[in-house]
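This report looks at aromatic contacts and at nonpolar surface in one structure. The sequence and model are shown first.

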Amino acid sequence: MRSLRLRYATGLALCLMLVAGPAWAQQQGTGGMQAGGTAYYTFARPGQNTIEVLVLGGGRSGVYEIGENVTLGKLMALAGGGGGGGNAKVTVNLFRLENGERDRILKERLSAFAERPQYPPLQDGDVVRIQVRQREPFGWRDVLRITTAVTSLTFTVLRIFDIGQ
């Protein structure tokens, strides 16, 4: 069910960005255009064959028009690499339209992804989803909350059962 919802959501987002994006685009600073809230970035040399890839999540979501020779690793660098900081768990997902359905062909943590000797080639219409999960460290505030709750519960139990009086 979740996979089906994801397919519909990414398909709808891709359709909206591809249809509405170029029509409402306004030139932005370095190689990008803003399309009604959706960014459209162009990273290709004049006359070079290009493909369009949708990037969702991470640093800079949007539609990327890139040269055919741009790898997934280079696209990650162009899109901001996932961000998140030191405690973040970043996962890269690559979806490709095959036989009328969008299938995930890659799911890998960014830490392992960066060590790859070779990145998967990109194709026109691919969707790259970057998931960033922030891991919160267990700190002194958490210890204080637990201690306060246990102390309060202890006093409540002692008072209810009139222990110590």
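The text below covers the aromatic pairs, a charge over a ring, and a surface patch.

**Aromatic contacts**

The model is predicted. It holds 3 aromatic pairs. In one of them, phenylalanine 43 and tyrosine 64 are stacked, with 6.1 Å from centre to centre and 15° between the planes. Phenylalanine 43 belongs to strand 3 (residues 38-43) and tyrosine 64 to strand 5 (residues 62-67), so this pair ties together parts that are 21 residues apart in sequence.

The two partners are not alike in accessibility: phenylalanine 43 is partly exposed, at a relative accessible area of 25%, whereas tyrosine 64 is buried, at 0%. Tyrosine 64 counts as buried because its value falls under the 20% cut-off.

Tyr41 joins Phe43 and Tyr64 in one aromatic cluster. Tyrosine 41 also has a charged neighbour: the charged end of arginine 60 sits over its ring, 4.7 Å from the ring centre.

**Nonpolar surface patch**

A nonpolar patch on the surface is formed by Leu153, Phe155, Val157, Leu158, Ile160, Phe161 and Ile163. Together these residues have about 720 Å² of accessible area. Leucine 158, one of the patch residues, lies in helix 4 (residues 140-160). Leucine 158 is partly exposed, with a relative accessible area of 32%, and this value is over the 30% that patch membership requires.

**Accessibility of the residues discussed**

| Residue | Relative accessible area | Class |
|---|---|---|
| Phenylalanine 43 | 25% | partly exposed |
| Tyrosine 64 | 0% | buried |
| Leucine 158 | 32% | partly exposed |

How values were computed: Residues numbered from 1 in each chain as written. Predicted model: local features only at pLDDT ≥ 70, side-chain atom pairs only at ≥ 80, totals over all residues. Heavy atoms only, no water. Phe/Tyr/Trp six-rings, centres within 6.5 Å; stacked < 30°, edge-to-face > 60°. Helix = DSSP H or I, 4+ residues; strand = E, 2+ residues; numbered from the N terminus. Buried < 20%, exposed > 50% of the residue type's maximum accessible area, 1.4 Å probe, protein only. Lys NZ or Arg CZ within 6 Å of the ring centre and 35° of its normal. Patch = residues over 30% accessible without salt bridge, like charges linked within 9 Å, V, L, I, M, F, W, Y side chains within 5 Å. Areas by Shrake-Rupley, 256 points an atom, 1.4 Å probe, with all protein chains shown as cover. Salt bridge = Lys/Arg side-chain N within 4 Å of Asp/Glu carboxyl O.
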